[in-house]
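This report walks through one protein chain for a reader who has not seen it before. The sequence and the model are shown first, and the description follows.

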Amino acid sequence: MKKFADISEYYTGDLAVHEENEWIKVGHKHFLDFVNPIIEAYEIMKVVEYGCATGHVAFGMPPHIDYVGVDRNNWFLEKARERCQERIFMNCDIRDTKFTGYDLSMAWGFIKHFGLHEIDEIIDIVISSARYSVLGMQFLAHPADLDDGTAYHHSWISEERFAGVIDRAGYKETSRQLFSTFMHPLNIHAYDCAVLLERK
Ligand SMILES: C[S@@+](CC[C@H](N)C(=O)[O-])C[C@H]1O[C@@H](n2cnc3c(N)ncnc32)[C@H](O)[C@@H]1O
């Protein structure tokens, strides 16, 4: 059972923290430094971002792309629309609305917020909406069999599990950038990275 049943509620009230937190800002920069060269190299035009929050990633992307941001927190979306007036932001729950036909789908700081019971399905929804996907992932290095999501609002999955999900969805990993490794106080050894996936 996941402690935080609805992560959007968890974040509401936390907007100032989200906007000013240095750790979050560094994360956006890392992610954009990885994704923007991919957009250029693959001549990506149509992009969907899941869990776009207040539009930080959207703001740092090339202006010419056809972008849609998806989130279920209206408070965050209002801020995103102020920040990027030329972009489209939609209030949807990823579990209820199907987006298809994009060149690139992205999710940064998003997948880890779902419960372990649904995380495979969420990854599948995100990646199968586009030919290429860039996912921010937090992988569990140790302990490998931890059933988390109960005491902390992040779920950690193993590399093996992730590889199985993307293979079954018909995708392969073609590039990866490691951002950091860390030991969480709950004795979880994990690492943050972005991965590029491509339809086989
Ligand atoms: C940690 S924040 C994402 C950070 C964001 N990508 C950024 O760059 O700042 C997680 C976001 O996912 C959104 N979210 C959570 N569950 C969702 C769902 N089922 N459908 C759509 N958005 C969801 C939350 O509202 C929140 O904005």
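## Two antiparallel pairings

Strands β5 and β7 run antiparallel and are joined by ten bridges. At one place along this part of the chain, histidine 142 stands opposite histidine 189 in β7. Strand β7 also runs antiparallel to β6, and twelve bridges join these two. Phenylalanine 182 has alanine 190 in β7 as its bridge partner.

## Model and confidence

The structure is a predicted model. The average pLDDT of the chain is 86, and 84% of the residues score at least 70. Residues 1–5 have a pLDDT below 50; beyond near neighbours in sequence, this stretch has eight contacts in the model.

## Overall make-up

The chain contains seven helices and seven strands. Read from the N terminus, the order of elements is α-α-α-β-α-β-α-β-β-α-β-α-β-β. Of the 200 residues in the chain, 34% are buried. Among contacts with a separation of 6 or more, 64% are between residues 24 or more positions apart.

## The sheet

In what order do the strands of the open sheet stand? The seven strands follow the order β3-β2-β1-β4-β5-β7-β6, with mixed pairing. Strands β3 (88–91) and β6 are at the edges; each has a single partner strand, so one side of each has no neighbour in the sheet. From one strand to the next, the twist averages 20°.

Parallel pairing is found between β2 (residues 66–71) and β3, over four bridges. There, aspartate 71 is opposite asparagine 91 in β3.

## Helices on the sheet

Helix α3 (residues 22–41) lies across β4, β5, β6 and β7, and runs at about 150° to β5. Helix α5 (residues 74–83) also packs on the sheet, where it touches β2 and β3; the direction of α5 makes about 170° with that of β3.

The buried residues of α5 are Phe76, Leu77 and Ala80. Why do they lie on the same side of α5? They cover an arc of only 95° around the axis, and therefore share one side of the helix. As background, an α-helix has 3.6 residues a turn, so residues three or four places apart point the same way. The buried residues of α5 pack against α4 (56–59), β2 and β3. On the face turned away from the buried side, α5 carries the exposed residues Asn74 and Glu82.

Helix α6 (residues 119–127) has the buried residues Ile119, Ile122, Ile123, Ile125, Val126 and Ile127. These pack against several strands and one helix: β1 (46–50), β4 (102–107), β5 (130–142), α7 (159–168), β6 (171–184) and β7 (188–199).

## The nonpolar core

The largest nonpolar core has 49 residues. Those with the most contacts inside this core are Ala80, Leu104, Ala107, Ile111, Ile122, Val126 and Leu135. Strand β5 gives the most to the core, with seven residues. In general, nonpolar side chains in soluble globular proteins tend to be buried together.

Ala80 belongs both to the buried side of α5 and to the residues with the most contacts inside the core. Leaving aside neighbours within four places in sequence, alanine 80 is in contact with Cys52, Ala53, Thr54, Gly55, Ala58, Gly69 and Phe89. Ile122 and Val126, named in the core list, are among the buried residues of α6.

## Two residues on paired strands

Serine 180 lies in strand β6, and cysteine 193 lies in strand β7. How far apart are serine 180 and cysteine 193 in space, C-alpha to C-alpha? The distance is 7.1 Å, with their positions 13 residues apart in sequence counted as the separation. Serine 180 touches Tyr191 and Asp192, not counting residues up to four places away in sequence. Serine 180 counts as partly exposed because it has 13 other C-beta atoms within 10 Å, where 12 or fewer would make a residue exposed.

Cysteine 193 is also partly exposed, with 17 other C-beta atoms within 10 Å; a buried residue would need 20 or more. The C-alpha atoms of cysteine 193 and leucine 178 are separated by 4.3 Å, although the two are 15 residues apart along the chain. Beyond neighbours within four places in sequence, cysteine 193 is in contact with Met137, Arg176, Gln177, Leu178 and Phe179.

Key:
Residues numbered from 1 in each chain as written. Predicted model: local features only at pLDDT ≥ 70, side-chain atom pairs only at ≥ 80, totals over all residues. Contact = placed C-beta atoms within 7 Å. Pairing = 2+ DSSP bridges. Axes fitted to C-alpha atoms, helices over the stretch in contact; angles between N-to-C directions. Core = buried A, V, L, I, M, F, W, Y, C linked by C-beta atoms within 7 Å. pLDDT = per-residue confidence, 0-100. Arc of directions from axis to C-beta.
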